[in-house]
Structures are given as C-alpha cells and as structure tokens.
Amino acid sequence: MKSEELIPLVKIPEIKQEIIEAKDNHTLAIFIGAGVSRIMGCPSWESFAKELIDICYQQGHIKYKEKDKLLSYQDNKKIISICFNILKNRNSENTFYDKLDKLLKKPEKKRT
C-alpha cells in the first residue's frame, strides 16, 4: 500500500471535565439513535419512556396529574431521567435497570 493511500489519523477530541465527572459519579447516560436498534427489533426510547411513566404511576410514585404532565413532554431523555430519579428516590432503582436491560437485549427471532 502506498503512503498516499493510508488513512490519516484523526485526533481524538478532548473530553470535557463535566463528562468525566459524570462518569466517575455514575450519573452519565448515553443515548444512542434508534436506527440500528430499531432495525434489530428493539423498542424506541419513546416507548421506554412511556413504560417508565406507567411503572411510576402503577407503583404509586406519581399521581395521575404528574403522569399526564410527563406524557406531554416531547423529550424522551428528560422523561427517562425524571422517571429514573423518581424510582431511585423510592428505592426502586432496580426496576429501572431491569427494564433497561430488557430494552437493550437483542430480541429473539420468531420462528415461522
């Protein structure tokens, strides 16, 4: 391979201190686009957010008015973050992680 055909190295950008601190404090959440995961059959972040709202409501952590307000938000990251904090503050953090784990698992192929 000739040297002019080599792919140039790209400098890795410096990571902001806020991101490093969030990682160290276990408060960093990374949201990835739905393209590939949706093709693989995973549910959307919107459906995950709505499911978390339902869980918070069914477990009595929020009232109907709060559920309705959360459903009106258009920002799924915000909804997921709020629901996570609600569950965490009520010692139901494992419920969040169980649902997230199911969301991120590759769905089994259906036999035809």
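**View 1. The largest pocket of the predicted model encloses about 460 Å³ of space.** The lining of this pocket comprises 17 residues, and those closest to the pocket centre are T27, L28, A29, F84 and Y97. The model shown here and in the views that follow is predicted.

**View 2. Three helices each give two or more residues to the lining of the largest pocket.** These elements are helix 3 (45–58), helix 5 (76–89) and helix 6 (93–104). Helix 5 provides the largest share of the lining, with five residues. Sorted by class, the lining of the largest pocket consists of 11 nonpolar, four polar and two charged residues.

**View 3. Helix 3 packs with helix 6 at an angle of about 150 degrees.** The axes of helix 3 and helix 6 lie 11 Å apart. Because angles over 145 degrees count as roughly antiparallel, helix 3 is roughly antiparallel to helix 6. The crossing of helix 3 and helix 6 is right-handed.

**View 4. Residues of helix 3 and helix 6 form the contact between the two helices.** On helix 3, the contact is made by W45, F48, E51, L52 and I55. On helix 6, the contributing residues are T95, F96, K99, L100 and L103. By class, seven nonpolar, one polar and two charged residues make up this contact of helix 3 with helix 6. Both helix 3 and helix 6 are also among the elements that give two or more residues to the lining of the largest pocket.

Conventions. Residues numbered from 1 in each chain as written. Predicted model: local features only at pLDDT ≥ 70, side-chain atom pairs only at ≥ 80, totals over all residues. Heavy atoms only, no water. 1 Å grid on protein atoms, 1.4 Å probe; cavity = no way out; pocket = protein on both sides within 12 Å on 5 of 7 lines; lining within 4 Å. Points joined across faces, edges and corners; volume = space filled by probe spheres on them. Helix = DSSP H or I, 4+ residues; strand = E, 2+ residues; numbered from the N terminus. Nonpolar A, V, L, I, M, F, W, Y, C, P; charged D, E, K, R; others polar. Axes fitted to C-alpha atoms, helices over the stretch in contact; angles between N-to-C directions. Parallel < 35°, antiparallel > 145°, perpendicular 65-115°, else oblique. Left-handed = near helix turned anticlockwise from the far one by under 90°. Contact = heavy atoms within 4.5 Å.
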